[in-house]
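Hi everyone, thanks for coming. Let me put the sequence and the model up on the screen.

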Amino acid sequence: PAMSGKTYNACKFPNPILINTDGNCSKVTTPSIYLNDKKYKTYKEKMELLFGVLKELNETETTYQTIIIDLIEDVFDICEGYVLEKYKVDNLSKVPGYATGYTERKVNMQNVISALKTLTNKYYVIVITHTVDKVVDDKMVTISMLKEDFYILLEGKADVVVNCKKLGNTYIARMSKYRNNYKDPEVQKAIKPEILEVLKTYEQ
């Protein structure tokens with residue numbers, strides 16, 4: 001959910017750069033790029049900015065160690081908006097050709113995910129999404145605001161999934177899924193100390 005400490009927790013990781021969509025970058029001191037800044041008037045400009053930044057981070061040496069995408073569902077909206085703008089329509093179904101609009105949106109988003117995966121060779125990559133709690137089959141589940149198939153794709157590539165919530169005045173960050181048993185001393189030995197210290201601040 002909003003205002004639950006997601007950006008704050010992400011910025012605990014070493015030397016981050018924040019690629020932001022919702023304006024939260026104004027609330028932190030982390031170096032940031034605001035994709036939805038009013039000076040970028042078209043989705044084409046926003047797409048070119050996003051891919052330009054990711055390309056530069058991949059091809060040049062920087063002092064950054066962590067890349068934060070905040071929020072990924074807004075990046076998805078930019079991928080869709082780019083297609084709508086390109087064909088001058090207000091709905092993907094109006095793009096000429098069978099499912100062409102939906103296919104182009106999917107390709108755009110897959111290109112974003114592919115670029116982020118490449119960046120994991122040099123950086124820690126954190127992807128932030130809003131979530132909602134819903135009752136499904138009599139069970140309370142947490143659902144991402146990102147389209148489900150893309151969330152599943154990202155989650156499958158993640159080493160750690162952290163859920164952030166605010167209960168009253170208390171902020172909670174809990175590891176809900178993780179690739180390794182981070183309580184195992186042998187696993188801990190393989191993790192850089194600065195990352196292990198961050199992980200230790202999360203429940204579970």
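I'll talk about the nonpolar cores and then about helix 2.

Please keep in mind that this is a predicted model, where local features need pLDDT of at least 70, side-chain atom pairs count only at pLDDT 80 or more, and totals for chains, interfaces and linings use all residues. Residues are numbered from 1 along each chain as its sequence is written, and side-chain values use heavy atoms, leaving out hydrogens and water.

By a nonpolar core I mean a set of buried Ala, Val, Leu, Ile, Met, Phe, Trp, Tyr and Cys residues joined through side-chain atoms within 4.5 Å; buried is under 20% relative accessible area, exposed over 50%, partly exposed in between, with a 1.4 Å probe and protein chains only. The largest core has 26 residues, and I19, I67, V75 and M109 touch the most other members. Two or more residues come from each of strand 1 (16-20), helix 2 (43-59), strand 3 (66-70), helix 3 (72-87), helix 4 (100-119) and helix 5 (148-157). Helices (H or I, at least four residues) and strands (E, at least two) are DSSP runs, numbered from the N terminus. Helix 2 gives the most, six residues. Another core, of 19 residues, lies apart from this one and includes C25 and Y202.

So which residues of helix 2 are buried? They are K46, M47, L49, L50, V53, L54 and L57. These cover an arc of only 160 degrees around the axis (taken from the directions from the helix axis to the C-beta atoms), so they sit on the same side of helix 2. On the other side, E56 and E59 are exposed.
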